[in-house]
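Welcome, and please open your viewer. This tour moves from one selection to the next, with a short look at what is there each time.

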Amino acid sequence: MTQHFTLTPATDRNVTARITAAYTAAGIAAPTTFVPVLKRYMAQQPDAQQVAATLAHDAYHADPDTDPAEWWARARQQMIDAQASDALRAALAQSLTTEERSSGTRQITRALTDLHPWADRQAQALVKAAKALPAGPGALDPETVLAHDAGKALTSARNALSALALLASLGDPARHVGTLRDLARVLPLIDPSNPAEEKVTNLGRTVNGTKLDTTHALRRLAQDVRTSPDLALVGVARGDYPGVNLSPADTLAAIGERAKTAAAAFTRKTVDEATANHLVAMH
């Protein structure tokens, strides 16, 4: 089955490409800079070896009475210019990469803000489609959907998932994988609510089980995302994960805060028996 929620791996070199893809999908003109024009111009400039080859060709076709001093002065200047261009091109290419890396956060934050209304519409479309799709693992299976006469909802869900993947790719969720496991992949699109940290005794007994509905929902969602991000997001849209809502983030800072909040669902704190008994009594 085709996967529609497919993230674009984030690198320092594809910031512009990721941003442009999202703006294009939203039907909005992406912000432009001088840099792409400059890069194209740089690529068109001959290097020193090409200039030397041109000068050699010119020398063999020059009039025998050409003044060698004049020819040499002209050739020397061309070579100086070519070598300067080579040096500038090499240094500038590296510096542009560094600048793109340093300005990436600013560019992505602007994109998340600009595209937030569009992202919200995609999320709403997925919520609407999810309600019409069959429950369970057959929600995106064409044959199962056909039997439920929900073909239009399937098309809408697929389109929304593809669009939301472009938005999620902007936030580089992979950097949170170490803490949040596969939940990080959908972090730019979900509000993790307020999961409680699980408290256990030295013997492994959970003492605050009644407070862990959202915690367990996030853990289950992380597992489901690994199996099928498409079905997992449809499940979020349908309300299958208590306390978890479909809500595209509008800034990188918001994604970072979500990561800090969601991390509680994947940690356990060991407490002594006295504290455990006190917590149980409170509950």
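How do the residues of the lining of the largest pocket divide into nonpolar, polar and charged? Keep that in mind while you find the place. The model on your screen is predicted.

**Stop 1: the largest pocket**

Begin with the largest pocket, which holds about 520 Å³ of space. Its lining is made up of 19 residues, and you can find the centre by selecting Thr16, Thr32, Thr33, Val35 and Gln107, the closest to it. Now colour the helices α1 (15-26), α2 (35-44) and α4 (68-114), the elements that each give two or more residues to the lining of this pocket. The largest share comes from α4, with eight residues. As for the opening question, the lining divides into eight nonpolar, six polar and five charged residues.

**Stop 2: arginine 89**

Stay with helix α4 and select arginine 89, which lies in it. Is this residue buried or exposed? Arginine 89 counts as buried because its relative accessibility is 19%, and the cut-off for buried is under 20%. Show its side chain next: a polar atom there lies 2.9 Å from the backbone oxygen of methionine 42. Beyond the neighbours within four places in sequence, the contacts of arginine 89 are Met42, Gln45, Pro46 and Asp47.

**Stop 3: alanine 84 and a long line**

Another residue to pick in helix α4 is alanine 84. Alanine 84 is partly exposed, at a relative accessible area of 45%. Draw a distance from its C-alpha to that of aspartate 224: the two are 56 Å apart in space, and 140 residues apart in sequence.

**Stop 4: glutamine 122**

Move on to helix α5 (residues 116-132) and select glutamine 122. With a relative accessible area of 17%, glutamine 122 is buried. Which residues does it touch, not counting those up to four places away in sequence? Light up Asn159, Ala160, Ala163 and Leu164 to see them.

**Stop 5: the nonpolar cores**

Next comes the largest nonpolar core, a set of 60 residues. Select Leu115, Leu126, Leu133, Leu170, Leu180, Leu183 and Leu221, the ones with the most contacts inside this core. Helices α1, α4, α5, α7 (151-170), α9 (213-227), α10 (229-238) and α11 (252-262) each supply at least two of its residues. Which of them gives the most? That is α7, with 11 residues.

Zoom in on leucine 180 for a closer look. Apart from neighbours within four places in sequence, leucine 180 is in contact with Leu187, Ala222, Ala259, Ala262, Ala263 and Phe266. There is also a second, separate core of seven residues, and you can select Ala48, Leu55, Ala75 and Met79 among them.

**Stop 6: two backbone surprises**

For the last stop, turn to backbone angles. Most residues other than glycine have a negative phi. Select arginine 181, in the loop between α8 (177-180) and β1 (190-191). Arginine 181 is not a glycine, yet its phi is positive, at about 55 degrees. Arginine 181 is partly exposed, with 47% relative accessible area.

Then follow the chain to serine 193, found in the loop between β1 and β2 (198-200). Serine 193 also has a positive phi without being a glycine, here about 60 degrees. Its relative accessible area is 34%, so serine 193 counts as partly exposed.

Technical notes: Residues numbered from 1 in each chain as written. Predicted model: local features only at pLDDT ≥ 70, side-chain atom pairs only at ≥ 80, totals over all residues. Heavy atoms only, no water. 1 Å grid on protein atoms, 1.4 Å probe; cavity = no way out; pocket = protein on both sides within 12 Å on 5 of 7 lines; lining within 4 Å. Points joined across faces, edges and corners; volume = space filled by probe spheres on them. Helix = DSSP H or I, 4+ residues; strand = E, 2+ residues; numbered from the N terminus. Nonpolar A, V, L, I, M, F, W, Y, C, P; charged D, E, K, R; others polar. Buried < 20%, exposed > 50% of the residue type's maximum accessible area, 1.4 Å probe, protein only. Polar contact = N/O pair within 3.5 Å; in protein donor to acceptor, adjacent residues only side chain to side chain. Contact = heavy atoms within 4.5 Å. Core = buried A, V, L, I, M, F, W, Y, C linked by side-chain atoms within 4.5 Å.
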